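Subject: Structure for your review

Dear colleague,

Please find below the structure that I am handing over to you, together with its sequence. My notes on it follow.

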Amino acid sequence: MSVLSRDLIPRFHRLLTLGTKTTSVAAKPTTFYLLRMFSTDSLMDGFEIENQGARIIEAKPSIMTPSSKRTGVIALKCGMTAIWDKWGQRIPVTVLRVDDNIVTQVKTVEKEGHFALQIGYGSKKAKHLTKPEMGHFRAQNVPLKRKLREFRVTEDALIPVGTSIGVRHFVPGQFIDVTGITRGKGFQGGMKRHGFKGMPASHGASLSHRSIGSTGQRDAPGKVFKGKKMPGRMGGDQATVKNVWVYKIHPARNLIWVRGQVPGAEGNFVFLKDAVYKKPDISSLPFPTHFATEDEDTSEPVIAELGDVDPFMAAD
């Protein structure tokens, strides 16, 4: 068997199985996949250039639909504080800083297989980056960033590379979902890690008051099942807190005040996006993001409208 025939057999095999593997992919990616298998490099280059020129992404406001999905932002957890509302109630809030978020990469169905935006946070020196990271920033022609995060979006929410995203991406009064890494608590026992009640505290218990008790059986099956709740490392996992309320934003200082739990310790990165369950009013959200104007006043903070009834007091 010649080298050419040995190379064509696997290609035809992939062609026969393409219908089951790419049922959810658009027509253009399928055409691109077939052309990549059975074309020369010169034809491939022309196809890629044609695809890149076909999609035009503009930085301009548009109309948001119920099925639209905006990008999120990266923030830094600064700490907790307290504020007083107009009824004199003390409200505990968490302060988050959104420092120089820009779009560092646009991912499309034609190239990556999905629509997403890669967001970069802050700034970093070149000596603190690896060569692959430096090559990524140079290829995208964007400043060096401290933290990168990808957010899935819909096609109508794509933003060009280099677009700045600030705190006005969110509106005071809306709900957001906050994702972060929880505080690491080290090696903990079953009572603290899983909420076990422990052993008897008086008679019949000798130096085993906080023990988890029996973990296995007798001869059948004679082992401890996988996944048994036992002592071990606690914390340091990714967690998402849903329906966190945005109380206030300060565009000049790039700060967001939110009421609700925010995972992680002070100085950790958190990722903010529109709430999934308590969806905000799409008519009040800037879509695909807020584009600043020259005469825009950013010196004063924007506070959520509380209405005539105190939302922080329980109903009688």
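A residue is called partly exposed here when its relative accessible area lies between the limits for buried, under 20%, and exposed, over 50%. By that standard E296 is partly exposed, because its relative accessibility is 22%. Please bear in mind that this is a predicted model.

Salt bridges

E296 leads directly to the salt bridges. The side chain of E296 meets that of R168 in a salt bridge, with an N to O distance of 3.3 Å. This pair links distant parts of the chain, 128 residues apart: E296 sits in the loop between strand 12 and strand 13, and R168 in the loop between strand 6 (164-165) and strand 7 (175-181). R168 also counts as partly exposed, because its relative accessibility is 23%.

How many salt bridges are there in the model? The count comes to 6. Among them is the one between E150 and K107, whose closest N and O atoms are 2.6 Å apart. Here, too, distant parts of the chain are linked, since E150 belongs to strand 5 (residues 147-152) and K107 to strand 3, with their positions 43 residues apart. Are these two residues buried or exposed, or something in between? K107 has a relative accessibility of 15% and therefore counts as buried. E150, at 33%, counts as partly exposed.

E150 has a further partner in R152, and the side chains of these two residues meet in a salt bridge at 4.0 Å, N to O. R152 is partly exposed, with a relative accessible area of 49%. K107, E150 and R152 are thus linked in a network of salt bridges. As general background, side chains of opposite charge can pair when their charged atoms come close.

A patch of positive charge

Which residues gather in a patch of positive charge on the surface? They are K69, K242, K273 and K279. Of this group, K69 is placed in the loop between helix 4 (41-54) and strand 1 (73-84). Its relative accessibility of 43% is why K69 counts as partly exposed. That value also suits a patch member, because patches are made of residues with over 30% relative accessible area and no salt bridge.

A buried asparagine

N101 is found in strand 3 (residues 101-107), the strand that also holds K107. The relative accessible area of N101 is 0%, so this residue is buried. A polar atom of the N101 side chain lies 2.8 Å from the backbone nitrogen of I74.

Backbone geometry

Several backbone features merit your attention when you inspect the model. Most residues other than glycine have a negative phi, and most peptide bonds are trans.

Two peptide bonds may be examined against that background. A220 and P221 are joined by a cis peptide bond, with omega at about 0°. P221 is located in the loop between helix 6 (190-194) and strand 9 (232-234). A cis peptide bond also joins F287 and P288, and omega there is about -5°. The place of P288 is the loop between strand 12 (269-274) and strand 13 (302-303), and E296 of the salt bridge with R168 is in the loop between strand 12 and strand 13 as well.

As for phi, L207 has a positive value of about 60°, although this residue is not a glycine. L207 is in the loop between helix 6 and strand 9. With a relative accessible area of 84%, L207 is exposed. N254 likewise has a positive phi, near 55°, in a residue other than glycine. Where does N254 lie? N254 lies in the loop between strand 10 (238-250) and strand 11 (255-259). At 24% relative accessibility, N254 counts as partly exposed.

The loop between helix 6 and strand 9

One further residue of this loop may be noted. R210 lies in the loop between helix 6 and strand 9, where L207 is also placed. R210 is exposed, because its relative accessible area is 58%. The C-alpha atoms of R210 and K197 are separated by 7.8 Å, and these two residues are 13 residues apart along the chain.

With kind regards

Note on methods:
Residues are numbered from 1 along each chain as its sequence is written. This is a predicted model: local features need pLDDT of at least 70, side-chain atom pairs count only at pLDDT 80 or more; totals for chains, interfaces and linings use all residues. Side-chain values use heavy atoms; hydrogens and water are left out. Patches are made of residues with over 30% relative accessible area and no salt bridge: like charges are joined within 9 Å, nonpolar side chains (Val, Leu, Ile, Met, Phe, Trp, Tyr) within 5 Å. Accessible areas come from the Shrake-Rupley method with a 1.4 Å probe; for residues, only the protein chains shown count as cover. Lys and Arg count as positive and Asp and Glu as negative; His and the chain ends are not counted. The place of a charge is taken as NZ of Lys, CZ of Arg, CG of Asp or CD of Glu. Helices (H or I, at least four residues) and strands (E, at least two) are DSSP runs, numbered from the N terminus. Buried means under 20% relative accessible area, exposed over 50%, partly exposed in between (1.4 Å probe, protein chains only). A polar contact is a pair of N or O atoms within 3.5 Å; within protein, one must be able to donate a hydrogen and the other to accept it, and residues adjacent in sequence count only if both atoms are side-chain atoms.
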